[in-house]
Amino acid sequence: MMRHMVGWLVLVLVGAAAPAAAQKARKPQPAPRPFEARLKFNAMFFDNFFQAAEGSPEEGVEAGGVEAHLARKLKPKRPLEVFGHADYVAYRGFGPSAGVTAGLRSEGKPQGFELSAQYLKGRPSREVGDVLDRADALVLGGEYSYRITDDVQLSGLADYRKEHYDLSPLREYDAYNLGGAVRYRGFGRGFSPEVGLRWGKRDVLDDNEDLSQRELFVRLRWTPMRDAYLTLRYRRRSRAYSTADVRASNLGREDTRTQWTLGADLRRGERLTWSLYYAREDSDSTRPSGVFQTQLVVLGLTLRL
């Protein structure tokens with residue numbers, strides 16, 4: 001079922017892209033506006049939504065969502081802007097989830113940064129305890145980048161996350177990650193590779209769930225034509241549980257999660273953008289409950305207001 005859905009969504013994007021690619025004359029790009037507003041509608045399908053362990057029954061779940069995004073430049077002709085984002089997702093058989101984000105960013109040259117704070121309510125999470133549950137989360141993130149040359153960009157990355165579960169208070173945790181990335185821009189605007197490393201820790205009220213982790217990611221950005229934008233990312237995350245209790249179930253446990261994501265955006269005119277997002281994650285673990293595979297497909301339509 002997942003293969004048929006992915007194939008259908010790809011055909012939808014290809015069909016939408018063909019007329020745009022055939023156009024020889026393009027309209028000039030609209031001038032940047034100090035204020036930007038977007039509304040996005042998403043149709044989602046989760047394969048193995050509850051992340052059931054290998055060999056256990058799996059269940060797919062459909063969902064629909066809407067997102068609203070606002071951004072405003074603080075000064076004309078300056079890269080500094082403030083932004084806000086809100087989303088709402090309705091899952092079949094699981095209950096809705098909502099989120100809100102606020103932040104400040106600058107995409108200047110040679111340096112840029114982004115700071116953000118996000119609150120999520122009722123978001124599906126399997127982060128602790130190998131059981132999917134509804135979680136409330138606070139997420140803080142920061143990124144600083146600097147171009148040491150016109151072609152090479154270095155970035156510093158940091159984030160903090162706190163999750164709380166109403167039905168399982170012992171699963172509450174705090175986690176942080178620190179790292180860096182190198183991005184090469186020498187191929188022009190059409191293609192840009194990036195590689196990064198992050199290290200982090202997670203502290204849970206239940207000491208059995210404490211861990212440290214390291215993460216490697218590689219991201220490729222490609223603009224095959226002015227109205228199309230593609231991204232491909234590979235991420236490998238390794239976790240080592242740190243409990244010293246010889247009676248603990250996670251004593252000596254190690255997990256490895258490998259994820260591939262593909263994103264495609266196709267702009268049609270000044271106000272309409274189609275998007276496709278696909279993610280596949282394979283989890284391996286020294287514990288059978290941590291061995292599973294999941295997939296996600298999202299088809300989106302964005303309206304620029």
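Reader: So strands are DSSP runs of E, at least two residues, numbered from the N terminus. Which strand does Tyr144 lie in?

Author: Tyr144 lies in strand β6. Keep in mind that this is a predicted model.

Reader: Is Tyr144 buried, partly exposed or exposed?

Author: Tyr144 is partly exposed, because its relative accessible area is 39% and that class runs between 20% and 50%.

Reader: What sort of surface patch is Tyr144 part of?

Author: A nonpolar one. Its members are Tyr144, Tyr146, Ile148, Leu154, Val182, Val195, Leu197, Trp199, Leu216 and Val218, and together they have about 850 Å² of accessible area.

Reader: Which strand gives the most to that patch?

Author: β9 does, with three residues. At least two residues come from each of β6, β9 and β10.

Reader: Back to β6. What does β6 pair with?

Author: β6, residues 133-147, pairs with β5, residues 111-125, in the antiparallel sense over 13 bridges. β6 also pairs with β7, residues 152-164, again antiparallel, over twelve bridges.

Reader: Can I have one residue pair for each? Which residue is the bridge partner of Glu114, and what does Ser145 stand opposite?

Author: Glu114 has Glu143 in β6 as its bridge partner. Ser145 stands opposite Ser155 in β7.

Reader: How many residues are in the hairpin that joins β6 to β7?

Author: Four residues make that connection.

Reader: Different topic. Where is Asp210?

Author: Asp210 is in the loop between β9, residues 191-204, and β10, residues 211-225. Those two strands also supply residues of the nonpolar patch.

Reader: Is Asp210 buried or exposed, and which side chain of opposite charge is nearest?

Author: Asp210 is buried, and the nearest side chain of opposite charge is that of Arg202, 6.2 Å away. A salt bridge needs the charged atoms within 4 Å, so Asp210 has none.

Reader: What is Asp210 in contact with, then?

Author: Leaving aside neighbours within four places in sequence, Asp210 is in contact with Arg202, Asp203, Val204, Tyr241, Ser242 and Thr243.

Reader: Anything odd in the backbone? Which two residues does the cis peptide bond join?

Author: Lys109 and Pro110, with omega at about 15°. Pro110 is in the loop between β4, residues 97-106, and β5.

Reader: Why bother pointing that out?

Author: Because most peptide bonds are trans. Most residues other than glycine also have a negative phi.

Reader: Which residues have a positive phi here without being glycine?

Author: Asn48 is one, with phi near 55°. Gln51 is another, at about 50°.

Reader: Where do Asn48 and Gln51 sit?

Author: Asn48 lies in the loop between β1, residues 35-47, and β2, residues 61-73. Gln51 is in the loop between β1 and β2 as well.

Reader: Are Asn48 and Gln51 buried or exposed?

Author: Asn48 is buried, at 1% relative accessibility. Gln51 is buried too, because its relative accessible area is 15% and buried means under 20%.

Reader: Last bit, the whole protein. How many helices and strands?

Author: One helix and 14 strands.

Reader: And what share of the residues is buried?

Author: Buried residues are 37% of the 305. The protein exposes about 17,200 Å², of which carbon and sulfur atoms supply 60%.

Reader: What about contacts between residues far along the sequence from each other?

Author: Taking contacts between residues at least 6 apart in sequence, 53% join residues at least 24 apart.

Methods:
Residues are numbered from 1 along each chain as its sequence is written. This is a predicted model: local features need pLDDT of at least 70, side-chain atom pairs count only at pLDDT 80 or more; totals for chains, interfaces and linings use all residues. Side-chain values use heavy atoms; hydrogens and water are left out. Buried means under 20% relative accessible area, exposed over 50%, partly exposed in between (1.4 Å probe, protein chains only). Lys and Arg count as positive and Asp and Glu as negative; His and the chain ends are not counted. Contact means heavy atoms within 4.5 Å. Two strands pair if DSSP finds at least two bridges between them. Patches are made of residues with over 30% relative accessible area and no salt bridge: like charges are joined within 9 Å, nonpolar side chains (Val, Leu, Ile, Met, Phe, Trp, Tyr) within 5 Å. Accessible areas come from the Shrake-Rupley method with a 1.4 Å probe; for residues, only the protein chains shown count as cover.
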